[in-house]
Amino acid sequence: MTALLELRDVSKTYSSGLLSAKSTVALKGVSLTLDEAEPTILTVAGESGSGKTTLAMLLLGFTEPTTGQIIYRGKDITTLSGADRLAFRREVQAVFQDPFAVFNPFYTVDHLLTVPIRQFKLANSRKDARARMDEALTAVGLRPEDVLGRFPHQLSGGQRQRINVARALLLKPRLLIADEPVSMVDASLRASILETFRNLQRDHGVSIIYITHDLTTAYHIAKSIIVLYRGSVMEAGDVDQVIKSPHHPYTRLLVDSIPWPNLDQRWGTERIKVREADTGAGGCVFRSRCLHAMDKCGAVPSLLQLKSHQAAACHLHEGHAVVEPERLSDLLPI
Amino acid sequence: MTDMTAGAIPAPPKPMSRGRRALRYISRNRSLAAGLIVMAVLILFTVSGFFIIDPKDAYPLSAATKQPPSWRYPLGTDFFGRNLYAAMVVGMWQTALIGVIAGGIGTAIGVVLGFTSAYFGGWIDFIIKSVCQILTPIPVLLIQVVVVGSLDKRDVTIFVMAMVIVMLGWMGTTLVVRSQVLTMKERQFVSVAKLSGVSSFGIIFKEIMPNLLPFIAAAFVIQVFTAVFASFYLAVLGLGPLREPLLGNIIWAAQSQGAFFNGWWWWPMEPAIAMILILGSLALINMGLDELANPRVRKAE
Amino acid sequence: MAISDIAEPSAKVFAETPVLNVESLEVTYYTDAGRAKALDDVSFTLRAGEKLGMVGESGSGKSTLALAMMRMIKPPGRIEGGKVLVDDVDLMALTDEEMRQSRLSRIAYIPQGAMNSLNPVMRIGAQMVDAVRSHLPDESRSAMADRCAHALRSVDLDPSVFRMHPHELSGGMQQRVCIAIGVLLEPKVIIADEPTSALDVVTQRQVMETIDRVKDEINAAVILIGHDMGLMAQFVDRVAVMYSGRLVEVSTVREMFTDPNHPYARALINSLPNLDNKGVFQGIPGLAPSLLRLPSGCAFHPRCAEARPVCAEKRPRARMLDTGRLVTCHLFDPEVAT
């Protein structure tokens, strides 16, 4: 049982300046295993700067890790070539945030669908290709004759994003990385796009990594969650447990700030601490914003297992068993 | 997920074909339209001219000298016996040749180097960019004058002039294309193309290049403009292929014979007007293309 | 002080006379493809200290409404009619110069992505002074600096920010600077157009709490434009729903979330995810119509689950119900034969 995609102790550091004087750690020591046999929906949650976008870029093979390896079906993705590389491309796809940016303005929107059909040989003839495109478009609630043959600027944002999702349906990858797929879409459309993702996972065996900062939608669609902050895992586990009873101070702050559309669930019970001047390098990355910071926090906390499907990296929970980085995936329910 | 809009809301109209859209755009973009019209008139003049005149008449000793415009010689003749109508026709043609050859080669160099530099990055980019930046401040006019001046008069042909002009003319285009490609390659539709299995070359030619066509067209027009203008001032300085009826040559000859003082006003005026029209139409077309290429400046469509 | 400490909105007491009175505002865009009625007979009132949320899909007209109130509509758009009364002064009747004076002093607008409108090469303080100098030509430099320091403190920023450049601040802090500029002259009405769209959830809460506090300090009325119903639930007192340029419902926030009247509002509320209905997705079928080709009668009828024949024929009128709620729907119009 080879895993579909594996991250082994992957770190990514960006350095700027001629002598690499300034470097930012985008992701630190993350290990994750994505299995093919059990398609699931995993949420990677975090604000900007958390490393979630870097994680997406790494999984898609757009950037290389500074340390660690990314393994696709047993092979390091930087060494893939030829048929293997094409297979990787075919099986790992993405839906991005901006519905407009993914379209090449020179071509009609058909281009987004026809190119992968051609490159991956998904159809035998023009008629077959058109039939598949029609099927995918109808499945997302669009009428093919209303959108095909038009240019991106002639359609609404909602229509464009639906076409993006249709592309994913068309390709039926093994792994779909959805990077904030609904954040630029009207509320009324979000529900149907999320439902399409759920159908992909349930009926077509697609595993989805749903990257977002919006915990409300994450709660609804995902089974498991990883909360990132400045490149490190703060908390991970079953999405129900983590959101309903968060144990890490950062997760608590996040959950507390969720604007629930419910008047009886008010935000703001936890005070927001203004970030202190960085208290030196090293130690817990959340320290300067944490209300419970202690001296101990000068040392990086390990991920501690609180329940069978919940763990938090925080000194407050000292005494619990340490979860080795490689075993992170074991925490996540399927 | 049924769509309940059938019937109640009429479907949006089918989009226009590319051709019709282009025509509609041109009618809105005044500069482009004006430039193209003037250019069309000049082209018509030159092409129809070739059916009317004998090219030999553009050279000295073909007609009576110093004749003012008349029915026989519509644009008059010069001191050396050139039929100026024939000279204008042939001269415009030659000017166009220099412009297109030098402009075309310069644009081609610029596009290839610009794309290579931007897409592949690394030390290739560093070298190309540095070379451009080092060559740009060099005073082009001086170098051109020195180079052409040091050649044997008999070796100066149309083609040689075009080459001299290209020599220092490609850097601007390279840098512009480079910066455009640099922006484009970060665009998300390029990432999606990669995800769809498109190769690097596929991305350059099928995804990025089509979007740069307005820029490349504008760069070409600028190159042609620069080339035509360079050929003009080099010829006016007496450095051109003197026998050929290049517009600049005619002016140089007229000036050296004191045409205005002697009352042969038509001799230098005609090439001057022609040059104004050529450069003017190119400038208008460039302005029009600028508006097309830069969506923020775009007023029409 | 967290927002949860504030008493329920319905228990709050607002002044009786409204500080903002919008009457029959109409805006049309004249495009090559036809005329688009971006705002069609929009009317509502707002009292001092009250917060109104304006929701709707993109194209519904909510941003156009803000621009129209500020008289910032550019061609091919035109304000065709209506009044915008702030403290009994009709902004539509003012001269251009008077309107210019009114912006920031009577009515302030914080646009979406306001932090991008900060000049990156100027210090924050210089930009704040720049914004209000024309309104206060005679104020001394030190008085001006004091005013700015006060505004910065009210948005929870240290007055030392005065000397900093925008890039030295985080996104949330930049947005708070924009709010500070908005309240420098203590306007009566503040319009915030998606002020937190680019911010993460924690900073969003911080910014909204800031707007709340500032509003209390100067007793301004706030209009929050957005499409995040959750944000509305946590922040506003009343909610106004726009659809295709028309105002279809205005209710208190509690009424909107527990018992919405208009079918579109009801569909919106039903489509919201919350902790209790995990996994249940209910979108609104169909697409919003193009403003260039609106359906006959009620603009929502093609997508309405409760549409009747009259809905395709006649446009519903905006009616104020006994409860003080406003709804534009035949279902609530007793004069419409069933």
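Me: Helices (H or I, at least four residues) and strands (E, at least two) are DSSP runs, numbered from the N terminus. Where is C:Ser24 placed?

Reply: C:Ser24 is in strand E1 of chain C, residues 20-31. The model is predicted, with pLDDT of at least 70 needed for local features and 80 or more for side-chain atom pairs, while totals for chains, interfaces and linings use all residues. Residues are numbered from 1 along each chain as its sequence is written, and chains are lettered from A and ligands numbered from 1 in the order in which they are written.

Me: What is notable about the phi of C:Ser24?

Reply: Phi of C:Ser24 is near 45°, positive in a residue other than glycine. Most residues other than glycine have a negative phi, and most peptide bonds are trans. A:Asp9, also not a glycine, has a positive phi of about 45° and is found in strand E1 of chain A, residues 5-16. A:Lys121, just after helix H3 of chain A, takes a positive phi of about 55°.

Me: Why is A:Asp9 called partly exposed?

Reply: A:Asp9 has 14 other C-beta atoms within 10 Å. With C-beta atoms placed from the backbone, 20 or more would make a residue buried and 12 or fewer exposed, and partly exposed is what lies in between. The count for A:Asp9 falls in between, so the residue is partly exposed. C:Ser24 also has 14 such atoms and is therefore partly exposed.

Me: What makes A:Phe151 partly exposed, and where is A:Phe151 found?

Reply: A:Phe151 has 15 other C-beta atoms within 10 Å, and is partly exposed because that count is in between the two limits. A:Phe151 sits in the loop between helix H5 (144-147) and H6 of chain A. Its C-alpha atom is 8.1 Å from that of A:Phe106, 45 residues away along the chain.

Me: Which residues of H3(A) are buried, and what covers them?

Reply: In H3(A), residues 110-119, the buried ones are A:Leu112, A:Leu113, A:Val115, A:Pro116 and A:Ile117. The cover includes helix H4 (126-139) and H6 of chain A, together with helix H8 (188-195) of chain B.

Me: How do you know that the bond from C:Pro75 to C:Pro76 is cis?

Reply: Its omega is near 10°. C:Pro76 lies in the loop between helix H1 (62-69) and strand E4 (77-86) of chain C.

Me: How do you know that H6(B) and H9(B) cross, and at what angle?

Reply: The axes of H6(B) (158-167) and H9(B) (200-236) come within 10 Å and cross at roughly 115°. Axes here are lines fitted to C-alpha atoms, for helices over the stretch in contact, with angles from 0 to 180 degrees between N-to-C directions. The contact (C-beta atoms, placed from the backbone, within 7 Å) is made by B:Met161, B:Ala162 and B:Ile165 of H6(B) with B:Ala227, B:Ala230, B:Ser231 and B:Leu234 of H9(B). Its residues divide into six nonpolar, one polar and no charged. The nonpolar class is Ala, Val, Leu, Ile, Met, Phe, Trp, Tyr, Cys and Pro, the charged class is Asp, Glu, Lys and Arg, and the others, Gly among them, are polar; B:Ser231 therefore counts as the polar residue.

Me: How many residues of chain A are in contact with chain C, and what gives the most?

Reply: 31 residues of chain A are in contact with 34 of chain C. H7(A) gives the most to the chain A side, with seven residues. By class, that side has 14 nonpolar, 13 polar and four charged residues.

Me: Where do the domains of chain C divide?

Reply: Domain 1 is 15-251 and domain 2 is 263-274 + 281-332, bounds that come from an automatic or database domain assignment. Their centres, taken over C-alpha atoms, are 28 Å apart. Domain 1 gives 19 residues to the contact and domain 2 gives 17. On the domain 1 side, the largest share, six residues, comes from E10(C).

Me: What makes a set of residues a nonpolar core, and how many residues has the largest one?

Reply: A nonpolar core joins buried Ala, Val, Leu, Ile, Met, Phe, Trp, Tyr and Cys residues through C-beta atoms within 7 Å. The largest has 204 residues, and A:Leu176, A:Ile177, C:Ala180 and C:Ile191 have the most contacts inside it. This core draws at least three residues from each of the two domains of chain C. Leaving out residues up to four places away in sequence, C:Ala180 touches C:Met128, C:Ala151, C:Leu152, C:Val155 and C:Leu157. A second, separate core of 67 residues includes B:Ala86, B:Ala227, B:Ala230 and B:Leu239.

Notes:
Two residues are in contact if their C-beta atoms, placed from the backbone, lie within 7 Å.
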